[in-house]
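Visitor: Could you walk me through this one? I'd like to poke at the packing and a hairpin.

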Amino acid sequence: MDGIKGNRFAVLGRAGMDLFADPIGVKSEDASTFHADLGGSSANICAGLVKLGSEASLITSVSDDAIGRFCLNRLRHYGVDTSYIRVLGGEYRMSLAVYESRIDDFQNVIYRNGAVDFQVTKEDMDRVDYSSFSAIISAGTVFASEPSRSATFRAFENARSAGLPIIFDIDYRPYSWPSAEVAAEVLSRAGEASNLIVGNDEEFGFMAGGIEKGFAKAQELAKKPGRIVIYKMGEKGAVTFVDGQELRTGIYPVTAVKPNGAGDSFMAGLLASIAAGHDLKDAVMRGSACASIVVSHPGCAPAMPTTSELDAFLASHPGPTT
């Protein structure tokens with residue numbers, strides 16, 4: 001908690017380009033206009049953190065082409081530090097997500113062939129000045145391939161040596177992994193190395209070998225002294241395991257225009273709220289409010305709220321579910 005309160009985050013993982021269809025409700029195959037902005041789970045978390053008053057640096061690699069430069073420009077637009085991003089030539093490419101602002105029959109087409117963010121190396125991680133940060137955040141996608149997998153475990157070791165807490169968003173994306181068995185083993189290893197773990201019921205269930213076992217898996221991980229585990233259940237809210245307690249929280253119902261981006265916004269809202277002095281349960285609720293804000297607007301990074309927008313939402317909303 002002290003590291004989170006330091007409010008200076010190193011974030012490991014991908015940036016990418018989002019193309020989302022316009023107007024709201026139109027399907028991608030029927031659209032004639034798309035908006036482009038920053039995407040990628042880790043980049044979204046960075047943008048969300050900075051909008052809420054935190055400092056965030058993204059540690060990744062981007063392609064030496066127009067799309068890579070677009071992503072760098074958008075990261076800087078949102079105030080994210082890009083000094084640890086390596087620009088890589090050759091055939092590796094940025095991630096591209098093409099989606100729409102609709103709930104029924106929602107489509108999100110993600111292109112990850114030759115993903116450049118998987119080319120982060122141990123040397124990249126060793127160049128980071130860990131003393132300039134107070135906590136490190138990783139999304140699970142970075143573990144799906146080499147050399148990124150080994151590089152991220154190196155970053156965990158370096159962070160631990162520097163006394164930084166490790167925050168892990170499970171973020172399981174099956175299409176990125178060679179097999180479910182490899183993913184379960186590697187993500188479980190990452191969870192064991194982390195101080196704060198955030199995931200949904202399906203992700204914990206996947207790590208445990210069945211969705212019905214996910215809750216018990218979260219409980220088991222939370223037994224390590226000082227570790228916090230947040231088990232998200234969609235519309236049913238979340239359970240936070242901390243110091244032998246189970247804190248149950250609801251959600252803020254909204255009219256959603258899309259389902260994606262909620263997890264990234266939750267993480268940003270949670271951490272920025274802890275850093276701002278809110279207690280853990282209140283911080284979880286503020287993270288939940290951030291998730292509701294993002295799903296009720298088009299896009300991901302552009303939909304992340306500022307502190308004033310979050311406070312205005314909480315002041316005007318009738319309140320969370322129980």
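Visitor: Leaving aside neighbours within four places in sequence, which residues is Leu270 in contact with?

Guide: This is a predicted model, where local features need pLDDT of at least 70, side-chain atom pairs count only at pLDDT 80 or more, and totals for chains, interfaces and linings use all residues. Residues are numbered from 1 along each chain as its sequence is written, and side-chain values use heavy atoms, with hydrogens and water left out. Contact here means heavy atoms within 4.5 Å. With that cut-off, the partners of Leu270 are Leu196, Val198, Ile230, Leu280, Ala283, Val284 and Gly287.

Visitor: And which helix gives the largest share of the largest nonpolar core?

Guide: A nonpolar core is a set of buried (under 20% relative accessible area, 1.4 Å probe, protein chains only) Ala, Val, Leu, Ile, Met, Phe, Trp, Tyr and Cys residues joined through side-chain atoms within 4.5 Å. The largest has 55 residues, and Leu270 is among those with the most contacts inside it, along with Leu49 and Leu271. Nine residues, its largest share, come from helix 10 (residues 280–295).

Visitor: Now the hairpin: which residue in the turn between strand 13 and strand 14 has a positive phi?

Guide: Strands are DSSP runs of E, at least two residues, and helices are runs of H or I, at least four, numbered from the N terminus. Two strands pair if DSSP finds at least two bridges between them; strand 13 (residues 238–242) and strand 14 (residues 245–249) have five, in the antiparallel sense. Two residues sit between these strands, and the one in the turn with a positive phi, about 50 degrees, is Asp243.

Technical notes:
Buried means under 20% relative accessible area, exposed over 50%, partly exposed in between (1.4 Å probe, protein chains only).
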